[in-house]
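The following exercises are to be solved with the sequence and the model at hand. Each task is followed by a worked solution.

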Amino acid sequence: MAKTAQNPVKSAETTFEVLDALKDLDGAGVTELAQHLDVPKSTVHNYLSTLEQEEYVVNRDGVYEVGLRFLELGAYARHREKLFGIAKPEVDRLAAETGELANILVEEHGRGSYLYRARGDKAVQVKAHVGTRVPLHTTALGKAILAHMSTERVDAIVDRHGLGGEASKSISSRAELEQELADVRDRGVAFDDEERLEGLRCVAAPVLNHDNEIIGAISVSGPTNRFRGDRFREELPQKVLEVANVIELNVTYS
C-alpha cells in the first residue's frame, strides 16, 4: 500500500506494524514478533512494553496479544456512524425474516468494514466479524458501494489495493470490474457468487443519502445450497431492496 502522509512519523508506523503483526499472528512472543517484523528484539520489546503500559496489549506468560482497550475505541467509532443506529433494527429484521446472516458494510480508506452483523436462526458461521476489513470488489456489499462511486474514486481504490483475492472467482481485471459495476447499477443489487469465500453467496443493496451519495450497503448472505434459483436471483434481491429503501427514508428524515 502506498504511503500517503507527507511527513510520516516512523515510530507511529512501527507501533501499528507491531499491532497488525500481533493480530495476524494471533499473539506472539518477543522473539517470534522480531523475526516476523525483521527488527531487533530490543526494539520489539520496547514497543511492546510501552503498549502494555498504555493498556493496548496484554502479556500472558510471555505471549503478547492485542488488548480489549481497542474494543472501546471500535465501539466509539461505530456509534459515530449515523448509518449504524438507523440501519441496525432493519438489518435485525432482515436476518429474522430470512433466517440468514444480514450485514452492514461501509467504506473507509478504500476498504469495506463490517459495521454490524445480525444472525437469523439458520445463519452460517463465516470468516468475518464486526470490524473485519475486506477488499470491496470481493463482496456484494463492496460492489454495491463501488457502483455508486465516481470512476476516479474507483480507479484510486483499485490502484491502491489491487484486484483478485483468496477465492478463485474474485474479480481480477479492471474490465471485469467495470462490467460488474455497470450490471449492479442496472439491477439495483449486487451479487457475490463465492467471490470471497467458497460456498457462500450474498445479495446486497446500496444505501444512499438524500444527496444520492453512497453511505454504505446492506446484505443477506448464506450457503450456496440455500442461495440458488429464484430465491437467490429474485426473492432475496427484492427483500434487500425493500430494507435499503426503508433505511434510506430513515436516513433522510431522521
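Buried means under 20% relative accessible area, exposed over 50%, and partly exposed in between (1.4 Å probe, protein chains only). This is a predicted model, in which local features need pLDDT of at least 70, side-chain atom pairs count only at pLDDT 80 or more, and totals for chains, interfaces and linings use all residues. Residues are numbered from 1 along each chain as its sequence is written, and side-chain values use heavy atoms, with hydrogens and water left out.

**Exercise 1.** Determine which residues of H3 are buried.

Solution. Val44, Leu48 and Leu51 are the buried residues of H3. They lie on the same side of H3, because their arc around the axis (directions from the helix axis to the C-beta atoms) covers only 60 degrees. Residues three or four places apart point the same way, because an α-helix has 3.6 residues a turn.

**Exercise 2.** Classify both partners of the salt bridge between Arg201 and Asp193 as buried or partly exposed.

Solution. A salt bridge requires a side-chain nitrogen of Lys or Arg within 4 Å of a carboxyl oxygen of Asp or Glu. In this pair the closest N and O atoms are 2.7 Å apart. Arg201, at 16% relative accessibility, is buried. Asp193 has a relative accessible area of 21% and is partly exposed.

**Exercise 3.** State which residue forms a salt bridge with Glu97 at 3.6 Å, and place both partners in the chain.

Solution. The partner is Lys239. Glu97 belongs to helix H5 (residues 82-98) and Lys239 to helix H9 (residues 229-253), so the pair ties together parts 142 residues apart in sequence. Helices here are DSSP runs (H or I, at least four residues), numbered from the N terminus. Glu97 and Lys239 also belong to a network of salt bridges with Glu90 and Arg93.

Notes: Helices (H or I, at least four residues) and strands (E, at least two) are DSSP runs, numbered from the N terminus.
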